[in-house]
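The exercises below are meant for a reader who meets this structure for the first time. Please look at the sequence and the model before working through each solution in turn.

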Amino acid sequence: IPSVEARLLESGNIYAAISHFSQTTPDDFRDRVDALMGANRRRGVIIDLRANSGGSMLGSSAIADAFLDEGLLITTAGRHGSHVSGLTDEVRADATTPFRDSPAVILTSPRTASGSELMSASLRNNDRAIFVGQRTFGKGTVQKTYALGTDEALKLTVGNFLPKGLAIPAGGLVPDVEIRTLFLTAAGFRLPLGRPAEGEMEFWQRNPSWLSVEPARTPVVLSFLRDVTDIEDAPAEEEEEAEDTLPDDPLEDPAVAVADDILLRFGSTSASRMLADASPFLAERSRQAMTDLARALEVRGIDWSAGSAEL
């Protein structure tokens, strides 16, 4: 099943969406991106994982490896850091690195989970990519299936995946640039859903105390209004499905447009440098996005000035 779609944007950057990870995904990704890269090996790459709920650990780590020629990608750990039988203890980058000179931005959402979180965090923890989008799902655990008979089985959580030794936070990976969308639906306005703090989660959702977790991050927030009233009188579930639908033109998507701008203006193979250089630009984009949102709501008779800090 094809898992990679890629195209060249007008800016010269490459947009590549990965729907899932299988054993064939790494070769598919490399072939498609390499063909678009051509002679310019410094093109920026936008990797869209917003609808990717995971798949093969080796498949996802192999794509991270395409951007790194050295470094620790993933380790695995059982209770209190113990070895888990049948699991690879660690995965390291090798020197076969076709995109070592390409800056990278990863697009994330609450549907970015498991293997896609491993790949994303492996690159960010190695200072190789920044995140634009929303907080990820927050699944850093690995399960094994044990047969109990001819038609029964037990699926048991046996360990944690640790991108470069750091656990994925229970509440998900926080983006460096957060895209918050206020939806205008046939029924009215819908605010972005909040995510509970780790202390408010069920105990089995929290990170075990023996794991080191990725440091807390404070994202730059860009807020937008999206009109999905074209499905007027549709049931609520159809409205929600429309909200998950992305525009046919990637650059009509705010997350893609912002990522494209960052790569075009500040692209670097050092994620920390790219983010630092883009900081004044992103601060201005954040202010302008909030101003545009307030004006769009004012036209509809809503004063958003008091609620702007909340969105």
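**Exercise 1. What volume does the second largest pocket have, and which residues lie nearest its centre?**

Solution. Begin with the volume, which for the second largest pocket is about 810 Å³. This structure is a predicted model, in which local features need pLDDT of at least 70 and side-chain atom pairs count only at pLDDT 80 or more, while totals for chains, interfaces and linings use all residues. Residues are numbered from 1 along each chain as its sequence is written, and side-chain values use heavy atoms, with hydrogens and water left out.

Next, recall what is being counted: on a 1 Å grid over the protein atoms alone, a pocket is an open set of points where a 1.4 Å probe fits, with protein on both sides within 12 Å along at least five of seven lines, and lining residues have an atom within 4 Å of a point. Grid points are joined across faces, edges and corners, and the volume is the space filled by probe spheres set on the points.

Then turn to the lining, which consists of 25 residues, with Thr141, Thr157, Trp204, Gln205 and Arg206 lying nearest the centre of the pocket. Finally, ask which element gives the most to this lining: strand S9 (residues 153-163) does, with four residues. Strands (E, at least two residues) and helices (H or I, at least four) are DSSP runs, numbered from the N terminus.

**Exercise 2. Describe how strand S7 is covered and how S7 is joined to other strands.**

Solution. First consider the covering of S7 (residues 129-133), where five of the five residues are buried; buried means under 20% relative accessible area, exposed means over 50%, and partly exposed lies in between, with a 1.4 Å probe and protein chains only. Both faces are covered, with Ala129, Phe131 and Gly133 buried on one side and Ile130 and Val132 buried on the other.

Now look at the pairing, for which DSSP must find at least two bridges between two strands. Strand S6 (residues 104-108) runs parallel to S7 and is joined to S7 by five bridges, and within this pair Leu107 has Val132 as its bridge partner. Between these two strands the chain passes through helix H3 (residues 115-125), forming a right-handed β-α-β crossover; right-handed here means that, with the strands pointing away from the viewer, the path from the first strand over the helix to the second runs clockwise.

The last step concerns strand S10 (residues 177-185), which pairs with S7 in the parallel sense over two bridges. Val132 appears again here, with Val177 as its bridge partner in S10.

**Exercise 3. Is Glu178 buried or exposed, and what does Glu178 touch?**

Solution. Start with the location of Glu178, which is in strand S10. Glu178 counts as buried because its relative accessibility is 18%. Contact means heavy atoms within 4.5 Å, and, leaving aside neighbours within four places in sequence, Glu178 is in contact with Gly133, Pro219, Val220, Val221 and Leu222.

**Exercise 4. Where does Ser102 lie, and which backbone oxygen does its side chain reach?**

Solution. Ser102 lies in the loop between S5 and S6, and Ser102 counts as buried because its relative accessibility is 0%. Leaving aside neighbours within four places in sequence, the contacts of Ser102 include Met37, Phe67, Arg128 and Thr269. As for the polar contact (a pair of N or O atoms within 3.5 Å; within protein, one must be able to donate a hydrogen and the other to accept it, and residues adjacent in sequence count only if both atoms are side-chain atoms), the side chain of Ser102 reaches the backbone oxygen of Arg41 at 3.2 Å.

**Exercise 5. Which residues of helix H2 are buried, and what covers them?**

Solution. Helix H2 (residues 57-65) is mostly covered, with seven of its nine residues buried, and these are Met57, Gly59, Ser60, Ser61, Ile63, Ala64 and Asp65. The elements that cover them include strand S2 (14-18), helix H1 (25-37), strand S4 (72-77), H3 and S9. At the start of H2, a side-chain oxygen of Ser56 comes to within 3.3 Å of the backbone nitrogen of Leu58.
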